[in-house]
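Reader: I would like to learn how to read a structure feature by feature. Could you take me through one as we look at it together?

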Amino acid sequence: MDIHLPMSKIKLLNPEFPNKSTGIINGQSSGLLNWNDIAYPQIYDLYQTLLSNFWKAQEINMQDDIKQWDLLSSTEQDVFLRINTQLASLDSLQTPTMCQVMDYVTDSSFKAIFAVIAQQEAVHNESYSYILSSLVPLSEQNDRFNQAKSDPIVQKRNQLILDSYERFRENPTPQNVFQLGVNSINLEGIYFYAGFAFFYHLARQQKMLKTSTMISYIQRDEMQHAYFMAQFLRILLTEHPELNTDANIDYVYKTVGQAVQLEKEWAHVILKDIEGINLNEYEEYTEYLANKRLRQLGLPNLFSERINPMPWIHVFSDEMINETKSDFFEQKARTYAKVTQSNGFDEL
Ligand code: ZN
Ligand code: ZN
């Protein structure tokens with residue numbers, strides 16, 4: 001396979017080919033999906049996990065947060081709105097990108113996963129809008145979205161991701177789908193976390209708990225998306241050793257390293273006036289996340305080995321990734337509102 005040759009959009013139905021695809025890209029596949037006859041049976045477990053996490057924004061009653069909103073400091077309100085719209089901006093890119101990748105993936109079971117991920121991104125996007133509509137008028141929402149679009153640090157941070165997504169749109173080669181996957185892991189597995197940290201920090205002080213509940217649902221989804229994308233890339237490199245080059249492995253390290261740098265910069269800007277979040281600790285946390293993403297790709301750590309320096313951010317551990325116990329999660333979510341800073345928030 002020439003990794004620099006654009007993949008063609010596959011026909012919907014190819015009756016002459018088997019249902020079980022011969023490859024995740026450039027494979028032969030009828031286009032019909034029988035979950036009992038798929039090339040990578042573990043994908044079905046992941047599909048089940050994604051579905052068992054199903055949630056929607058309206059299930060969460062925002063009344064408590066609406067009452068608390070006016071009690072937040074003006075700095076807290078400002079950071080809250082900035083982070084909310086910036087995270088919404090990231091999710092806005094993710095929905096169409098996942099749909100687009102789906103067009104070039106030849107394994108129907110993987111297509112189904114991309115479809116579910118795209119749906120979840122749409123829910124995330126809506127949940128940020130739902131939070132905003134509970135708290136501020138449309139004119140302020142519009143100002144905040146415009147701010148997110150024109151903020152130079154946000155632009156710089158997103159450019160790396162955007163470049164790779166646009167490159168794939170222009171030229172859907174195997175090489176470009178590989179690079180898109182790496183950047184998608186950065187977006188879902190690193191870029192969201194300074195924002196998450198802020199909301200969980202408020203929650204530690206019993207503030208805006210409904211928002212934090214929603215954020216924890218988003219985090220749970222994102223962890224699985226990043227995990228899936230890592231699996232997708234590992235299979236891609238295994239099926240196509242011509243992609244598994246030193247240059248591409250260097251690309252992974254370089255790109256993850258840049259994402260860590262940009263996330264640290266953003267955290268310093270966005271969280272600088274928030275008392276109680278130690279930015280040095282947060283820097284270590286981004287390195288810890290980067291190492292985790294690399295290990296999911298089957299690669300050695302980029303940064304020196306460290307334990308999670310901010311366990312309170314990680315409300316739900318990555319070990320939950322392959323669990324399908326949604327009732328376990330809901331139980332946690334229900335107790336979420338009851339814990340205080342002193343009685344074991346860190347245990348969640
Ligand atoms: Zn999302
Ligand atoms: Zn996602």
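Reader: Which spacing do the donors of the zinc ion (ligand 1) follow along the chain?

Author: Happy to start there, and please keep in mind that this is a predicted model. Along the chain, the donors follow the pattern D-x29-E-x2-H-x97-E. Put names to the letters and you get Asp-91 (OD), Glu-121 (OE), His-124 (ND1) and Glu-222 (OE), which coordinate the zinc ion (ligand 1) at 1.8 to 2.1 Å.

Reader: What do the angles among the four donor atoms say about the site of this zinc ion (ligand 1)?

Author: The general idea first: four tetrahedral donors have an ideal angle of 109.5 degrees at a metal. In this case the angles run from 81 to 129°, and the site is classed as irregular. The reason is the cut-off, because a tetrahedral label needs all angles between 85 and 135 degrees.

Reader: How far apart are the zinc ion (ligand 1) and the zinc ion (ligand 2), and which residue coordinates both?

Author: The two ions are 3.6 Å apart, and Glu-121 is a donor to both. Glu-121 sits in helix 4 (residues 108–135) and Glu-222 in helix 9 (residues 209–239), so this pair links distant parts of the chain, 101 residues apart. Glu-121 is buried at 0% relative accessible area, and Glu-222 is likewise buried at 0%.

Reader: Let's move to charged pairs. How many salt bridges does the count come to?

Author: The count comes to 12. A good habit is to ask of each pair where its partners sit in the sequence. Asp-64 and Lys-210 form one of these bridges, with their closest N and O atoms 3.9 Å apart. Asp-64 belongs to helix 2 (residues 63–69) and Lys-210 to helix 9, so the bridge ties together parts that are 146 residues apart in sequence. Asp-64 is partly exposed at 40% relative accessible area, and Lys-210 is partly exposed at 25%.

Reader: Which salt bridge has partners about one helical turn apart?

Author: Asp-78 and Arg-82 fit that description, being four residues apart in helix 3 (residues 74–102). Their closest N and O atoms are 3.9 Å apart. Asp-78 is partly exposed at 26%, whereas Arg-82 is buried at 15%. This pair also belongs to a network of salt bridges that links Asp-78, Arg-82, Glu-140, Arg-144 and Asp-151.

Reader: And are Lys-264 and Glu-287 buried or exposed?

Author: Both Lys-264 and Glu-287 are buried. Their side chains meet in a salt bridge at 2.7 Å, N to O. Lys-264 is in helix 10 (residues 246–270) and Glu-287 in helix 11 (residues 279–296), so the bridge ties together parts 23 residues apart in sequence.

Reader: Now the backbone. What is phi of Asn-26?

Author: As background, most residues other than glycine have a negative phi. Asn-26 has a positive phi, near 50°, and is placed in the segment before helix 1 (42–52). At 43% relative accessibility, Asn-26 is partly exposed. Gln-206 also has a positive phi, near 65°, and lies in the loop between helix 8 (193–204) and helix 9. Gln-206 is partly exposed too, at 23%.

Reader: Last topic: how much space lies in the second largest pocket?

Author: Rolling a probe the size of a water molecule over the atoms shows where empty space is left. The second largest pocket holds about 240 Å³. It is lined by 14 residues, and the closest to its centre are Ile-10, Lys-11, Leu-12, Asn-14 and Lys-111. By class, the lining has three nonpolar, seven polar and four charged residues.

Technical notes: Residues numbered from 1 in each chain as written. Chains lettered and ligands numbered in written order. Predicted model: local features only at pLDDT ≥ 70, side-chain atom pairs only at ≥ 80, totals over all residues. Heavy atoms only, no water. 1 Å grid on protein atoms, 1.4 Å probe; cavity = no way out; pocket = protein on both sides within 12 Å on 5 of 7 lines; lining within 4 Å. Points joined across faces, edges and corners; volume = space filled by probe spheres on them. Nonpolar A, V, L, I, M, F, W, Y, C, P; charged D, E, K, R; others polar. Donors = N, O, S within 2.8 Å, 3.2 Å for Na, K, Ca; no water. Tetrahedral: all angles 85-135°; square planar, octahedral: opposite > 155°, others 65-115°. Helix = DSSP H or I, 4+ residues; strand = E, 2+ residues; numbered from the N terminus. Buried < 20%, exposed > 50% of the residue type's maximum accessible area, 1.4 Å probe, protein only. Salt bridge = Lys/Arg side-chain N within 4 Å of Asp/Glu carboxyl O.
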